[in-house]
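Colleague: I should be grateful for a close look at a single helix of this assembly, followed outward to whatever surrounds it. Please keep the account connected.

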Amino acid sequence: MAIQLNTEQLEKIHSHGEREYPNECCGMLLGRADGDSKEVSEVVPLKNLRLDSARAQELLPLEDPGRESEKNRFLIDPLEQLRVEREARTRGLDVLGYYHSHPDHPARPSNYDREHAWPWYSYVILSVERGKAAEMTSWVLSEDRLRFDPEPLKL
Amino acid sequence: MPVKVVIPTPLRQYTGKKDSVEVEAKTVGEALAGLTSRYSDLRKHLYNEEGKLRSFVNVYVNDEDIRFLQKDQTPLTETDVISIVPSIAGGSMIRCICS
């Protein structure tokens, strides 16, 4: 599998990551999947629900709220996701994956990312270093849920 | 009574590419049990090793999260649509687990 984005979509993710710095940004990638490739047609920035900590705790509690916050955790509102997904389906688009940023951390998935993932989706990670968009990578969870494999990101 | 369960894209590979499945059920618990007994490969992506729904897996009846209804016991009517929505959560941590 490979995921394809155009320059405008790449820019949109970059600027979202920079705008939210030092917090994490997150969003959805909509498009069409055909055999071995996923072609992104829309980048949909979403709100990081961790900024609303009471509601976020109710949906998916943090294990260590002392060390975890909106700076190193993100959560997308599942109802918002459901609505975007339904609307996308009416236009023949699927959710191909999600993106999020790692402020001042490498664009590599964490163990926490793995525990909260499904196979097939592309998990795109953007590293934002001192407020500037840096490396961007894409990952797919293995079938046995044990690791993330890198996925080619084509422009 | 047949109810409709909408299957998200990543899980369609386990349901013979179907984007929705009809199962006989009176409650959400019965619907999910029916679904995972028909498509057993779905199980590990929905349930953890203790047989509980994974914490990041959300189940909606129409627009309502079953967590705020009666969970597994939430009763269903024929027009209800069940959606399975993963919590998209993550974040940076020290340890990298990539291959």
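**One helix and its surroundings**

Modeller: The buried residues of helix H3 of chain A are A:Pro78, A:Gln81, A:Leu82 and A:Glu85. Seen down the axis of H3(A), these buried residues fall within an arc of 100 degrees, so they line one face of the helix. On the other side of H3(A), the exposed residues are A:Arg83, A:Glu87 and A:Thr90. The model is a predicted one, and every value given here is computed from it.

The helix comprises residues 78-90 of chain A; at 1.5 Å a residue its 13 residues should span 18 Å, and the end C-alpha atoms are 19 Å apart, which agrees. Just after H3(A) comes A:Gly92, with a positive phi of about 75 degrees.

What do the buried residues of H3(A) pack against? Within chain A they meet helix H2 (53-59) and strand E5 (94-103), and from chain B they meet E3 and E5. The surroundings of this helix therefore include elements of both chains, as far as contacts are concerned, a contact being a pair of C-beta atoms within 7 Å.

The two strands from chain B deserve attention in their own right. Strand E3 of chain B has five residues, of which four are buried, so E3(B) is largely enclosed by the rest of the structure. E3(B) pairs with E5(B) in the antiparallel sense over five bridges, and B:Asn58 has B:Val85 of E5(B) as its bridge partner. E3(B) also pairs, again in the antiparallel sense, with strand E4 of chain B (residues 64-65), over two bridges. There B:Tyr60 stands opposite B:Asp65. The hairpin of E3(B) and E4(B) has two residues between the strands, and B:Asn62 in this hairpin takes a positive phi near 55 degrees. Further along chain B, the loop between E4 and E5 holds B:Lys71. Phi of B:Lys71 is near 50 degrees, a positive value in a residue other than glycine. With 14 other C-beta atoms within 10 Å, B:Lys71 is partly exposed.

The interface can now be set around the helix. In total, 25 residues of chain B are in contact with 37 residues of chain A. On the side of chain B that touches chain A, at least two residues each are supplied by helix H2 (43-46), strand E3 (57-61), strand E5 (81-86) and strand E6 (89-90) of chain B. The largest share, three residues, comes from E5(B). By character, the residues on this side of chain B divide into eleven nonpolar, eleven polar and three charged. The chains are also linked by strand pairing: strand E4 of chain A (residues 74-75) runs antiparallel to E6(B), joined by two bridges. A:Leu75 has B:Ala89 as its bridge partner in E6(B).

Returning to chain A, strand E5 of that chain packs against the buried residues of H3(A) and also helps to cover another helix, H1(A). Helix H1 (residues 7-20) has 14 residues and reaches 20 Å from its first C-alpha to its last, close to the 20 Å expected at 1.5 Å a residue. Its buried residues are A:Ile13, A:His16, A:Gly17 and A:Glu20. Seen down the axis of H1(A), they fall within an arc of 95 degrees, so they line one face of the helix. The face turned away from this buried side carries the exposed residues A:Thr7 and A:Glu8. Besides E5, the cover over the buried residues of H1(A) includes strand E2 (26-34), strand E3 (37-46), strand E6 (122-129) and strand E7 (132-141) of chain A.

The loop between H1 and E2 of chain A contains A:Pro22, which a cis peptide bond joins to A:Tyr21, with omega about 10 degrees. In the loop between E5 and helix H4 (111-115) of chain A lies A:Asp104. Phi of A:Asp104 is near 55 degrees, positive in a residue other than glycine, and A:Asp104 counts as partly exposed, with 16 C-beta neighbours inside 10 Å.

Finally, the chain that holds the helix has four helices and nine strands. The radius of gyration of chain A is 15 Å, close to the 15 Å that the globule rule gives for 155 residues, so chain A is as compact as a globular protein of that length. Of these 155 residues, 43% count as buried.

Key. Residues are numbered from 1 along each chain as its sequence is written. Chains are lettered from A and ligands numbered from 1 in the order in which they are written. This is a predicted model: local features need pLDDT of at least 70, side-chain atom pairs count only at pLDDT 80 or more; totals for chains, interfaces and linings use all residues. Two residues are in contact if their C-beta atoms, placed from the backbone, lie within 7 Å. Ala, Val, Leu, Ile, Met, Phe, Trp, Tyr, Cys and Pro count as nonpolar, Asp, Glu, Lys and Arg as charged, and the others, Gly among them, as polar. Two strands pair if DSSP finds at least two bridges between them. The expected span of a helix is 1.5 Å times one less than its number of residues. A residue is buried if 20 or more other C-beta atoms lie within 10 Å of its own, exposed if 12 or fewer, and partly exposed in between; C-beta atoms are placed from the backbone. The arc is that of the directions from the helix axis to the C-beta atoms. The radius of gyration is taken over C-alpha atoms; the globule rule is 2.2 Å times the number of residues to the power 0.38.
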